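Notebook open, coffee ready. Today I'm looking up how the inside of this protein is packed and how some of its helices meet.

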Amino acid sequence: GSTFCARWFMADQVAAMCEQLIKAVNVMMDAETNQIYRLEALKFCEEFKETSSFCVPCGLQLADKAQPAVVRHFGLQILEQVVKFRWNNMQQQEKVQLKECAMQLLSNGTHSILEEESHIKDVLSRIIVEMIKREWPQHWPDMLKEMEALTSQGEAQTELVMLILLRLAEDVITFQTLPTQRRRDIQQTLTQNMESIFSFMMAILHVNVEDYRKVVSGAKAHCRVAVATLNTLAGYIDWVSLVHITSGNCHLLEMLCLLLSEPELQLEAAECLLIAISRKGKLEDRKPFMLLFDDVAIHYILSAAQAVEVVERRYIFLKRLCQVLCALGSQLCSLGSDVEVEVPANLSKYMEAFLAFTTHSSQFLKSSTLATWGSLFRHETLSKDPVVVEMTIKYLRASMINLVKTGFPSRDDNPSCEYSRVDFDSDEDFNSFFNSFRAQQGEVVRSACRIVPLEAFQIAAEWLQYQIASPIDTGDTTSKTAEGLCSLLSPSVVQWDAMTVFMECMVAQIFKNLDEEVTGSMELLQAVLNYDTKDPLILSCVLTNVSALFPFATRRPHFLPQILYKLFKAITFEVGQENKVSSVKNVRRHACSSIIKICRDYPQFILPCFDMFYNHVKKLFSSDATLTHMEKCSLMESLVLISNQFKDFTKQKAFLDELMASVVAEWTSDEMRHALGDPAVFLSFVGADQVVTEQSKDTDTAGLNRGRLSFCLYAMLGVVKRSRWPSDLAEAKSGGFVVGYTPAGAPIYRNPFTTQFQVLLPNLLALIRTHNSLFMPENMARLSETFSRAHEVMDASSNDSYPLIYHFSCCHDSVGGLEIYICREIFFLSYFVLRVFLRQLVLSCPQEYYDSLLCPLLGPLFAYMQQRLNIKWQVINQRTSVKSAENTSRNIHSLNAVYKLKLVSPFVQNIYMTLLTLSFTSLSWKDTTNCHRTASMVCWTLLRQVIGGNLLPEAVTWLYTSVLRGLQVHGQHEVCNSTLSQLAMLIYENLLPRYMELSAVMTQIPNISVDALDQYNHRLLDPNAQKVGDKKRKDQFKKLIAGTVGKALCQQFRKEVHIRNLPSLFKKPKPDKDVQNSEALGLAALFSPENNTL
């Protein structure tokens, strides 16, 4: 009687609690609920799951299929939580009863397969998987048999079994959410049973596909099971032995190919096929994949790709099918290198299918094929196959369409627009994609041109001639520059643009792969030179074609004057007396770049025309007032590039003296010296202390001053970059460029621009000093309202802030350039420029200048940086400013160059500790990139040089603690964890014998095993102790310092799941503190289906 009363009382309590839980769940899920009530309901539910002893009976009652889906889901979640977090503390009988109830839920606790909610199926399968992860195979040996038996009860149970098998594979193999031993036990047992598992899944798939095709009324249910089976197969195909995939003469792959014709199953079948064909492994094991090139497989693949409607599921399937063909191509390229593997007889059919995707209206599908085309065209054997050679020509013709920029999602002027609306959120998104897509196409086109260079030239020539002959079509979007001109989206512009890209790719390969002159090349160049247009966008493409075809002219020198005339004419290009609009400026800039490129790449060819070139430039300078400073400087650069071919120091110096005479006179004038040397005068000189109005722009003296200043700076920068001595030592000696040799025997060169630059340098350094002082409060106060925020603007295109921004970069570039291009005779003048070219300064500085130049410079700099960065990081730690973190990371990066310095002088010794302190301090800054870089490249490089010296114990302790502190901040990141652990081990093992204080630091690490630490120290200190391998030693050390590793924020409040190890199946079990003796051996019987208690 008392037992009955107790059970009745408990049932009454369970019913009452279930009623409260149902109310709480409904409150949480009701959209109209007040937020406060929702939070209270959530708190009640969570506290129940955490603390209640009625979780199992309440969970089972709530999971009853008579309840609403949302209540059932909550009930099943309770049961899942019990298994995940309470399993280790449950009695054996409780575990057995819960397992029995869960199996009952699988058997009859759900609605039919088509009625049941997917989230109910998902959580129910998770409960079973959590049990499997804790008890299989040791304590539940017949789990697979029980699952197989469930499938005989109906489609709903079969689908649940598939979900269980899939989730198990994901947790064990993909996500690896188990302890190592449990994962190994389950994975090895799965592997041992894989043949039967695969046979089981294949049989389920076969039966349900057959029933789906035959039965009309229940077809959807069989289809649902088939889909679930395919999804589960996809979870296994990725990692099982290839033998299971290719067994039975690739029966699985054959079935998957057949299913490509079933609209309801084709997407899942394609997913499986893709995973299978993408597998890596031994070539011998992958040879059966070549069966997919047989008639049947190719037929089904080709047939599946025929439909063209833009339906989302259908389009996703086409993407997968395209990936399948790409993967098949990759296997072909891998296996094609094996002489035993013959080229498939159906290669042409495969190539046609692949080309169909390349010519599809979807830009995304086109882009997906590029990598495989590239692999085929670069393949040593396949690229010579007649089928591939023929297809290469077809591909090049297809590229004529694919290179054209069409398919913007906002437009309807092309069939690809409809697909783009599925793939891209905006025109900007599409534009970004297409730029990358076109760059990839360029690489593939270049590879194709290597195979069929003459045919590629013929295609390009026909295309260019067609564009020249076609009237310009502005389309419906005309330019804002002038009436009747094209915009970027005009039909003629997109065609010219695409053809130009093709031409550039083709010409480069022609000259690499053909020695003889190509028939028709000069006629093509002549046609381009004769073509005249006033449309700036078209003209820009024409100029690119002139540059691309220029190599052909190197065999016909008489063409050179025509080419130069075409380019010089474009430099002064105007539209209606207007030369300030962007499209016109782009043409002029393009012409200047083309001339520089020609002079850079073919200076010897241009040299005979130097006098004509120089005279034309002087004429332009004196007569054309519309030339901008940048255009003038570009022409000066071109002249310097040609003059390097004089290979005569005296002649080059005389030319540079003449070329730069006006710049030197301007730059060294008293007016300029006065303006550059005083911040107040400089601000007035560039107009930064004046308010800019519409009226003042007409008489802008300051604007003229800025122009003078920019011209001088750009001219200096251009000549510094381009002035050279001959690369050949013999030519340099005969030309008078070699003035001596270093003690090591290396020649010391002199640059023909050195003398002039020495004259220019004082004012340049004065300008840099003035720029640095502009940030002082008294100078910032002098800025007018127009320029009051000029220091905050980093975009040099801002008109108002222009005078204060770009001059700074120009003058620093000029001085920075001298390190590489100007001889060491003026090296000592570079003291004043620090951060902008510090790295280059250190790398370029001759060793004899370390004491006199680098050490006095770096000592104060490092001390300042240490102080500044520590202060900035204190602020960052308070407000976590990512932007500031990036800035300080760049500061540290600029120091990387100095780590090549050795401790060769007292000066370096003085700055050493500052640098060491800065490096080790930075390990705990919240900047993972800096931490990884510093820990891997800097800290040990510095410390290794002094470990043999007498370091203070306090210093050693601080250094080691800094590394452990870095692990606390960054240890959750695998890359940082690895580098910091390696650094900590290096310090510990190298310094422990002399500094036992390090062992005392280790004892303070949370949860460290003192015995393990003593054992590690013993092996380290005792020369007679047994040594262990490097990998084992590293693993032991990582376990010792594991307590220092901090958790990521997303992990800090996560409840830990503990899964106990079971007696090992595959080796002698070790004693495990985790397993209680009271229940170590009884669970196998309890979970046996023959056990009477079940």
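First pair: I looked up H3 and H4, and they are roughly antiparallel to each other, because their angle of about 150 degrees is over the 145 cut-off. Note to self: this is a predicted model. H3 covers residues 55-62 and H4 covers residues 69-86, and their axes are 7 Å apart. I noted the crossing of H3 and H4 as left-handed.

Who touches whom here? From H3 I listed Cys55, Val56, Gly59, Leu60 and Leu62. On the H4 side I found Val71, Arg72, Phe74, Gly75, Ile78, Leu79, Val82 and Arg86. Sorted by class, that contact has 9 nonpolar, 2 polar and 2 charged residues.

Second pair: I went on to H50 (residues 1010-1021) and H51 (residues 1030-1040), whose axes come within 10 Å and cross at roughly 140 degrees. That angle makes H50 oblique to H51. I wrote down a left-handed crossing for this pair too. H50 brings Ala1012, Leu1013, Tyr1016 and Arg1019, while H51 brings Arg1033, Gln1036, Phe1037 and Leu1040. I get 5 nonpolar, 1 polar and 2 charged residues for the contact of H50 with H51.

Then the cores. The largest nonpolar core has 267 residues, and Phe613 is among those with the most contacts inside it, along with Tyr236 and Trp373. Helix H16 (residues 312-335) gives this core its largest share, 13 residues. Apart from that core I found another, of 59 residues, with Cys976 and Leu1013 among them.

Last lookup: leaving aside neighbours within four places in sequence, Phe613 is in contact with residues including Leu564, Phe568, Cys599 and Ser638.

Definitions and conventions:
Residues are numbered from 1 along each chain as its sequence is written. This is a predicted model: local features need pLDDT of at least 70, side-chain atom pairs count only at pLDDT 80 or more; totals for chains, interfaces and linings use all residues. Side-chain values use heavy atoms; hydrogens and water are left out. A nonpolar core is a set of buried Ala, Val, Leu, Ile, Met, Phe, Trp, Tyr and Cys residues joined through side-chain atoms within 4.5 Å. Buried means under 20% relative accessible area, exposed over 50%, partly exposed in between (1.4 Å probe, protein chains only). Helices (H or I, at least four residues) and strands (E, at least two) are DSSP runs, numbered from the N terminus. Contact means heavy atoms within 4.5 Å. Axes are lines fitted to C-alpha atoms, for helices over the stretch in contact, and angles run from 0 to 180 degrees between N-to-C directions. Angles under 35 degrees count as roughly parallel, over 145 as roughly antiparallel, 65 to 115 as roughly perpendicular and the rest as oblique. A crossing is left-handed if the near helix is turned anticlockwise from the far one by less than a right angle, and right-handed if clockwise. Ala, Val, Leu, Ile, Met, Phe, Trp, Tyr, Cys and Pro count as nonpolar, Asp, Glu, Lys and Arg as charged, and the others, Gly among them, as polar.
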